[in-house]
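Okay, thanks for coming, everyone. Let me put the structure up and then walk you through it.

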Amino acid sequence: MITLNNIHKSYVMGSSKLHVLKGIDLDIEQGEFVSIMGSSGSGKSTLLNILGMLDNYDDGSYHLDNRLIADMSEKKAAQLRNEMVGFVFQSFNLISFKNAMENVALPLYYKGVNRKKRNAIAMEYLEKLGLAPWASHMPNEMSGGQKQRVAIARALISQPKIILADEPTGALDTTTSYEVMEILKEINEAGITVIIVTHEHDIAAMTQKVVRLKDGRIDEIIRNGELKAFRHTYTKELETA
Ligand code: ADP
Ligand code: MG
């Protein structure tokens, strides 16, 4: 579903250039549950944004669903993005003056679905996520975990093939983090490809494949079952850091 070949990305600021991704090769199959790990500044968000067509790459190739993602008009990219990808962010990115139902319904508003219909569909998604009683509540009346579930419902309403989540548990306590990860796992079990960025080992350990970025390259890819060994190396790394 996703094939990255020798992806490079630099940020240019004034006269200096920061080479963030230095040749990323990565294949992700449909239905995989993947985490991208790495220290702060290692390019995790940059990679996720390229995957989600929120940002361009400089060199290499990115094929999504057999389509080359390059040099598209913003309109075409937006269209493909809306049909393929749902986003979840660390800070939830809910609209503060809209209630939970309206936040979930937002992608359908942009598609031109009428209010009655989009709110009815939004209610179905809120129910799926156990949030029906919160439909008319505003974001500031909800806990972090509830807000993230609203954000997940909003990401799902367009029926994407991929969910991309940048530090989805970064603002949550441990218990709530696991709850959110369980939801992402269920979504994945329903057939949706889920790719998360995290720097927490225990969160990454809940995914099937851990991609570790280091100095702009993939340092290692650890598959489920090898995670125990991974924990060991990782802990060792922390101890010697
Ligand atoms: P991570 O998510 O792993 O913390 P990022 O992908 O956000 O890393 O950033 C990688 C590097 O690129 C960092 O040094 C960051 O400061 C820099 N960077 C990220 N986005 C931009 C941008 N839009 N312009 C300039 N530099 C950026
Ligand atoms: Mg980041």
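**Helices, sheet and ligand shell**

So, helix α3 (residues 100-110) packs against helix α5 (residues 144-156) at an angle of about 30°, and their axes are 7 Å apart. Quick word on what you're looking at: this is a predicted model, where local features need pLDDT of at least 70, side-chain atom pairs count only at pLDDT 80 or more, and totals for chains, interfaces and linings use all residues. Residues are numbered from 1 along each chain as its sequence is written, and chains are lettered from A and ligands numbered from 1 in the order in which they are written.

Helices here are DSSP runs of H or I, at least four residues, and strands are runs of E, at least two, numbered from the N terminus. Axes are lines fitted to C-alpha atoms, for helices over the stretch in contact, with angles running from 0 to 180 degrees between N-to-C directions.

Back to that pair: α3 and α5 are therefore roughly parallel to each other, a label for angles under 35 degrees. Who touches whom? On the α3 side you have Ala100, Asn103, Val104, Leu106 and Pro107, and on the α5 side Val150, Ala153 and Arg154. Contact means C-beta atoms, placed from the backbone, within 7 Å. That makes six nonpolar residues, one polar and one charged. For the bookkeeping, Ala, Val, Leu, Ile, Met, Phe, Trp, Tyr, Cys and Pro count as nonpolar, Asp, Glu, Lys and Arg as charged, and the others, Gly among them, as polar.

α3 has another partner, helix α4 (residues 115-128): their axes come within 8 Å and cross at roughly 120°. α3 and α4 are therefore oblique to each other, the label for whatever isn't under 35, over 145 or 65 to 115 degrees. From α3, the residues meeting α4 include Met101, Leu108 and Tyr109, and among those they meet are Ile121, Met123 and Leu126 of α4. The tally there is 11 nonpolar, one polar and one charged.

Now the sheet. It's open, with four strands in the order β2-β1-β4-β5 and antiparallel pairing; strands pair if DSSP finds at least two bridges between them. β2 and β5 each have a single partner strand, so one side of each is left without a neighbour in the sheet.

Last stop, ligand 1. Its shell includes Tyr11, Met13, Gly43, Lys44 and Thr46, where the cut-off is a C-beta atom, placed from the backbone, within 6 Å. Which element gives the largest share? That's α1, with three residues.

Methods. Two residues are in contact if their C-beta atoms, placed from the backbone, lie within 7 Å.
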